[in-house]
Amino acid sequence: MARIRLDHIRHAYTPELAKAGTYALREVDHAFEDGGAYALLGPSGCGKTTLLNIISGLLTPSEGHVRFDEKDVTRLTPEARNIAQVFQFPVVYDTMTVAENLAFPLRNRRLPAGEIRSRVSNMLARLGLEVKANRKARGLTADEKQKISLGRGLVRSEVNAILFDEPLTVIDPHMKWQLRSQLKDLHRQSRMTMVYVTHDQTEALTFADKVVVMYEGEVVQIGTPEELFDRPRHTFVGYFIGSPGMNVLPCRVENGAALVGQARVPLPAAIDGAGRAGRLELGIRPEFVTLVPRGTGLPVSVERVEDVGHERVVRARLFGEKLVSVLPEGTPVPAEADAAFDPAALNLYADSWLVERRPA
Ligand code: ADP
Ligand code: MG
């Protein structure tokens, strides 16, 4: 196993695209620590698959280096890197049986027959495929085929890392949940470095210790689920994580307060907004916006109240800006109310990037 270092990686798919400045990866400089469980989270087209293929060696980056521990592997083939990769759609050998499919990567690596047998039967049990062990893969469902794909990656416990590219896309929702918790258990037992690509925040947050959020070819934040929730480093992370996403209100800063229209929101002393150039925005998650009696807070007009499970989602306007509040179910919402922001949950953004709080 290894620490995987992406050293100033940039990638354009053709020289023409590079000339035009169209990079699928604009600049990624990051390390995946040995033994970590990471999720790579971002919308479709942000560069997740490109990054995964650069780690595994299916793609050579236009610029930068990939290192496993201290070794430069940028020019090495996937085989030489000893990485297992599970793709979005199943890759199985139709003419082989389920068991032979699982044994295939181990035979390639010339493991002793006894070892292969025990690993394969162990994996068949984990995946619930024992009864199908001697069936040809042809004719199995997409679900079952994808389980074989996962199994083929997971039997190779000696790999440097295992990469999953949206592997549960074709799996039905119930099975998804089950397979995801199995992957998590497997990580706990094996402490293999795992990188799991998804565009689904729930999937990312439940699988990973650390979530790497990508946006338009860049890593915008790496953090624990709590860090992404409390202090989104970029407004995109605020929108993308959480449901509904963070409120982002255009503002000015004067005398230690953010002005949203004519509403004055005092900023905590740790947020230094004075003299910031660029486009300023105030971020606050809906969970930290409460309603208070008219005349005691920020003047809002309530437009809509939705009851969603155990929450009431209040959609309002503050000087024309959309403002969402999430309240516990049953909380009364008067027609005339003001809003209040929890100061501890305020974030200030300059040109979409967080103005870091001064340490206490
Ligand atoms: P994701 O996996 O996050 O959906 P990708 O890594 O597949 O994103 O794609 C990132 C960007 O690179 C997209 O703009 C996509 O259109 C482009 N791209 C992906 N593969 C190719 C390719 N083979 N040739 C040219 N452009 C590509
Ligand atoms: Mg992809």
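## Overall make-up

Of the 360 residues in the protein chain, 49% count as buried. This is a predicted model, and its secondary structure comes to 10 helices and 22 strands. The C-alpha atoms fit a box of roughly 80 × 50 × 40 Å along the principal axes.

The accessible surface of the chain is about 17000 Å², with 51% of that belonging to carbon and sulfur atoms. As for contacts, take the ones between residues at least 6 apart in sequence: 66% of them join residues at least 24 apart.

## Helix 7, end to end

Helix 7 runs over residues 173–190. Its 18 residues should span 26 Å at 1.5 Å a residue, and the end C-alpha atoms are indeed 26 Å apart, so the two figures agree. At the N-terminal end, Asp-172 acts as a cap, with a side-chain oxygen 3.1 Å from the backbone nitrogen of His-174. Past the other end comes Arg-191, which has a positive phi near 55°.

Which residues of helix 7 are buried? They are Met-175, Leu-179, Arg-180, Leu-183, Leu-186 and His-187. Looking down the axis, these buried residues of helix 7 sit within an arc of 135°, so they line one face of the helix. That fits the usual α-helix pattern: with 3.6 residues a turn, residues three or four places apart point the same way. On the other side of helix 7, you'll find His-174, Trp-177 and Gln-189 exposed.

The buried residues of helix 7 have plenty to pack against: strand 3 (37–41), helix 5 (113–127), helix 6 (142–154), strand 7 (161–165), strand 8 (194–198) and helix 8 (201–207).

## Helix 5, one of the packing partners

Helix 5 has 15 residues and reaches 21 Å from first C-alpha to last, close to the 21 Å expected at 1.5 Å a residue. Buried here are Ile-116, Arg-119, Val-120, Met-123, Leu-124 and Leu-127. They take up an arc of only 135° around the axis, which puts them on the same side of helix 5.

What covers the buried residues of helix 5? The cover includes helix 4 (98–108), helix 6 and helix 7. Just after helix 5, Gly-128 has a positive phi of about 70°.

## A lysine in helix 6

Lys-145 belongs to helix 6. Is this lysine buried or exposed? Lys-145 has a relative accessibility of 19%, and since buried means under 20%, it counts as buried. Leaving aside residues up to four places away in sequence, Lys-145 touches Pro-90, Val-92, Asp-94, Ala-137 and Leu-140.

## Around ligand 1

The residues around ligand 1 include a run of sequence neighbours: Pro-43, Ser-44, Gly-45, Cys-46, Gly-47, Lys-48, Thr-49 and Thr-50. Tyr-13 and Ala-24 are around the ligand too.

Now for the polar contacts with ligand 1. A polar side-chain atom of Lys-48 lies 2.9 Å from an oxygen atom of the ligand. For Thr-49, an N or O atom in the side chain is 2.8 Å from a ligand oxygen. Cys-46 uses its backbone instead, with a polar atom there 3.3 Å from an oxygen of ligand 1. Taken on its own, ligand 1 has 570 Å² of accessible area, and the protein covers 55% of it.

Note on methods
Residues numbered from 1 in each chain as written. Chains lettered and ligands numbered in written order. Heavy atoms only, no water. Helix = DSSP H or I, 4+ residues; strand = E, 2+ residues; numbered from the N terminus. Expected span 1.5 Å × (residues − 1). Buried < 20%, exposed > 50% of the residue type's maximum accessible area, 1.4 Å probe, protein only. Arc of directions from axis to C-beta. Contact = heavy atoms within 4.5 Å. Polar contact = N/O pair within 3.5 Å; in protein donor to acceptor, adjacent residues only side chain to side chain. Near = heavy atom within 4 Å. Areas by Shrake-Rupley, 256 points an atom, 1.4 Å probe, with all protein chains shown as cover.
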